[in-house]
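Visitor: Could you take me on a close look at the part around the last helix and the helices it packs against? I'd like to follow it residue by residue, with the rest of the chain as background.

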Amino acid sequence: MASPYSLDLRQKILQAHERGMGSQREIAEFFGVSLSFVEKLLQRARHTGDATAKKQGRSPSTRLDDTAQAHVRLLVERQPDITLAELADHDDQLTGVRVRPATLCRLLQRLRMPLKKDRPCM
């Protein structure tokens, strides 16, 4: 993944636009960035007043709260051969939150609790 453009470059682009140093396309060409980047930067600066880069990537959060995670841990401890689909069904009944088996697989990996299966969980 490419790193975001520096705040210094972003501010220079905004200053060039404020000074009327050319069209958005000309500013993009001058600074060696894409036109869409200049458009999005100007729009963001207008709406939020902020030129810093947005945080990249998704948050590592899960839809399962601490109670649901504890429930998953308990189910796996009691029944180590439970399938991910069965685990998803049990969790859905308890919490009302339906998650995919892949989500539960990642949760179990984070909890260092792999299912006792011969095959990988995904």
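Guide: Helices here are DSSP runs of H or I with at least four residues, numbered from the N terminus. With that in hand, Pro 101 can be placed in helix H6. Please keep in mind that this is a predicted model.

Let me set the scene before we zoom in. The protein has 6 helices and 0 strands, so its elements read α-α-α-α-α-α from the N terminus on. Of its 122 residues, 29% are buried. The accessible surface comes to about 8,900 Å², and carbon and sulfur atoms account for 49% of it. If you look at contacts between residues at least 6 apart in sequence, 50% join residues at least 24 apart.

Now to H6, which covers residues 101-110. Its buried residues are Ala 102, Thr 103, Leu 104, Cys 105, Leu 107 and Leu 108. What do they pack against? The buried residues of H6 pack against H4 and H5. It helps to recall that an α-helix has 3.6 residues a turn, so residues three or four places apart point the same way.

Pro 101 is a good place to begin the walk. Its relative accessible area is 35%, so Pro 101 counts as partly exposed. Not counting residues up to four places away in sequence, Pro 101 touches Leu 84 and Ala 85. Helix H5 covers residues 84-95. Another residue to find on your screen is Asp 89: Pro 101 and Asp 89 are 12 residues apart in sequence, and their C-alpha atoms are 9.5 Å apart in space.

Next, turn to the packing of H6 on H4. Two packed helices are described by the angle between their axes and the distance between the axes. For H4 and H6, the angle is about 80 degrees and the axes are 11 Å apart. An angle of 65 to 115 degrees counts as roughly perpendicular, and H4 and H6 are therefore roughly perpendicular to each other. On the H4 side, Gln 69, Val 72 and Val 76 take part, and they meet Leu 104, Leu 107 and Leu 108 of H6. By class, this contact has 5 nonpolar residues, 1 polar residue and no charged ones.

H4 also packs against H5, so let us look at that pair. The axes of H4, residues 66-78, and H5 come within 10 Å and cross at roughly 140 degrees. H4 and H5 are therefore oblique to each other. The crossing is right-handed. From H4 come Ala 68, His 71, Val 72, Leu 75 and Val 76, and from H5 come Leu 87, His 90, Asp 91, Leu 94 and Thr 95. Those residues divide into 6 nonpolar, 3 polar and 1 charged. Val 72 and Val 76 are worth highlighting, as they are listed in the contact with H5 and in the contact with H6.

Within this pair, is His 71 buried or exposed? His 71 sits in H4, and at 19% relative accessibility it counts as buried, since the cut-off for buried is under 20%. Leaving aside its neighbours within four places in sequence, His 71 contacts His 90, Asp 91 and Leu 94.

Let us finish the walk just beyond H6, at Arg 112. Arg 112 lies in the segment after H6. Its phi is near 55 degrees, a positive value in a residue other than glycine. With a relative accessible area of 73%, Arg 112 is exposed.

For background, here is a helix pair at the other end of the chain. H1, residues 7-18, and H2, residues 24-31, have axes that come within 10 Å and cross at roughly 145 degrees. Their crossing is right-handed. Leu 9, Lys 12, Ile 13, Ala 16 and His 17 in H1 meet Gln 24, Ile 27 and Phe 31 in H2, a set of 5 nonpolar, 2 polar and 1 charged residues. Leu 9 is in H1 and counts as buried at 18% relative accessibility. Apart from neighbours within four places in sequence, Leu 9 contacts Phe 31 and Val 33. Leu 9 and Phe 31 are 22 residues apart in sequence, with 8.1 Å between their C-alpha atoms.

Technical notes
Residues are numbered from 1 along each chain as its sequence is written. This is a predicted model: local features need pLDDT of at least 70, side-chain atom pairs count only at pLDDT 80 or more; totals for chains, interfaces and linings use all residues. Side-chain values use heavy atoms; hydrogens and water are left out. Axes are lines fitted to C-alpha atoms, for helices over the stretch in contact, and angles run from 0 to 180 degrees between N-to-C directions. Helices (H or I, at least four residues) and strands (E, at least two) are DSSP runs, numbered from the N terminus. Angles under 35 degrees count as roughly parallel, over 145 as roughly antiparallel, 65 to 115 as roughly perpendicular and the rest as oblique. A crossing is left-handed if the near helix is turned anticlockwise from the far one by less than a right angle, and right-handed if clockwise. Contact means heavy atoms within 4.5 Å. Ala, Val, Leu, Ile, Met, Phe, Trp, Tyr, Cys and Pro count as nonpolar, Asp, Glu, Lys and Arg as charged, and the others, Gly among them, as polar. Buried means under 20% relative accessible area, exposed over 50%, partly exposed in between (1.4 Å probe, protein chains only). Accessible areas come from the Shrake-Rupley method with a 1.4 Å probe; for residues, only the protein chains shown count as cover.
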